[in-house]
Amino acid sequence: TLYWPYQPWPNTMAARKSCTHMTWAEAKSKSGADHDAGRKKKKAVIQVTHADALTAKIVRKNSAPSDFTKAELRRAKRQEEKAVALAAKMAEEREAQRREREGRTVCPTDVARERMQAEAEKRRAMPTAAAVVATCLTCTSENASADDDERLGATQIVQCREMQLDELAALEAMYAESDEYVVADDANVDGLRERVEQWQEEGGGAGVGDGNDDVMPSIVKHPPTRFCLQLVVEDETNAMGTEEGVDLVATVLLQITLPPSYPEASVPTTEVAYFCVTDRNVQMSTDKALDSLVHLEEERLLQDLAEQAQQIVPMPCVYEVAATWLPEHLFGYCKLRTHAQL
């Protein structure tokens, strides 16, 4: 038996040599479609964000079906426009109502000032005999003032009237640019001044004599001079102990009457014609009643006013007491009401 030595076939060796120099990826690529024919191809995944998916869902839900006619689409659009217009109209009406409510609110301090001015005008036209009732002085003090008038002679009464006219002229000059000083209509200050000047010209003021017998009695019998002072006092020192942000303002109307014997033998009689304390920083409805936040100890205040005046006479004391001393001490006579603990 003859044995042939083993010699590989050339083609076999070439194929083996080519396979040994080929990677697995290259072999798969050469195999082509035949290699993947039995496998299921994967679908390409489209990356969509959550927001885009939600938007597409809402659009599909709210979009009109494809079988809607153009007329139906136009009708739906008109209804939508009407709904939008109605909503806008209702919003405007609500805004108008809100502005109207705001327009009906006022500051209580302004209301108090208006009422004080109205009361001052009312008392300006009121007859003195009806106005001088329940004054600051007690009945005993009023009777004492009347007794002082009787003890003084006619000449002294005329001299007192003359000093009163000087004080009234000073008050008129101080309040010339405001309406805080209101003289009663029946006070007839100009007429009294003319008679006093006539009395002086006839020698009464120089002590030569009592002047014309008709002039002096008219001066003595002239009605007591009555006027009102409108005061607005702020609690600058926080005497009431209120919280921060509360700005208390007192609105006070004083009616002052000068007796014939003032300032030689008596003091002015004073009445609190109007009083109200409000918070300047708040608003209230126009249909709400205005109430003072504090209670005024009026009797004690008027007694102290009379005592202060007594210390000043026979010098003029109205401005010193009413316009200087009172604003500094007013809130010391006030007590917060229970419903207004601020």
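**A tour of helix H9 and Gln230**

Begin by selecting helix H9, where Ile157, Val158, Cys160, Arg161, Gln164, Leu165, Glu167, Leu168 and Leu171 are buried (under 20% relative accessible area, with exposed meaning over 50% and partly exposed in between, for a 1.4 Å probe and protein chains only). This is a predicted model, in which local features need pLDDT of at least 70 and side-chain atom pairs count only at pLDDT 80 or more, while totals for chains, interfaces and linings use all residues. Residues are numbered from 1 along each chain as its sequence is written, and side-chain values use heavy atoms, leaving out hydrogens and water.

H9 covers residues 154–174, helices being DSSP runs of H or I with at least four residues and strands runs of E with at least two, numbered from the N terminus.

Next, add helix H10 (residues 189–201), whose axis comes within 10 Å of that of H9 and crosses it at roughly 125°; axes are lines fitted to C-alpha atoms, for helices over the stretch in contact, and angles run from 0 to 180 degrees between N-to-C directions. The residues making the contact include Leu165 and Leu168 of H9 and Leu192 and Trp199 of H10, where contact means heavy atoms within 4.5 Å.

Now move to Gln230, which is found in strand E3 (residues 225–234). Gln230 is buried, with a relative accessible area of 6%, and its side chain reaches the backbone oxygen of Asp179 at 2.7 Å. To see what surrounds Gln230, leave aside its neighbours within four places in sequence and select its contacts, among them Met116, Ala120, Val182 and Leu253.

How values were computed:
Polar contact = N/O pair within 3.5 Å; in protein donor to acceptor, adjacent residues only side chain to side chain. Expected span 1.5 Å × (residues − 1).
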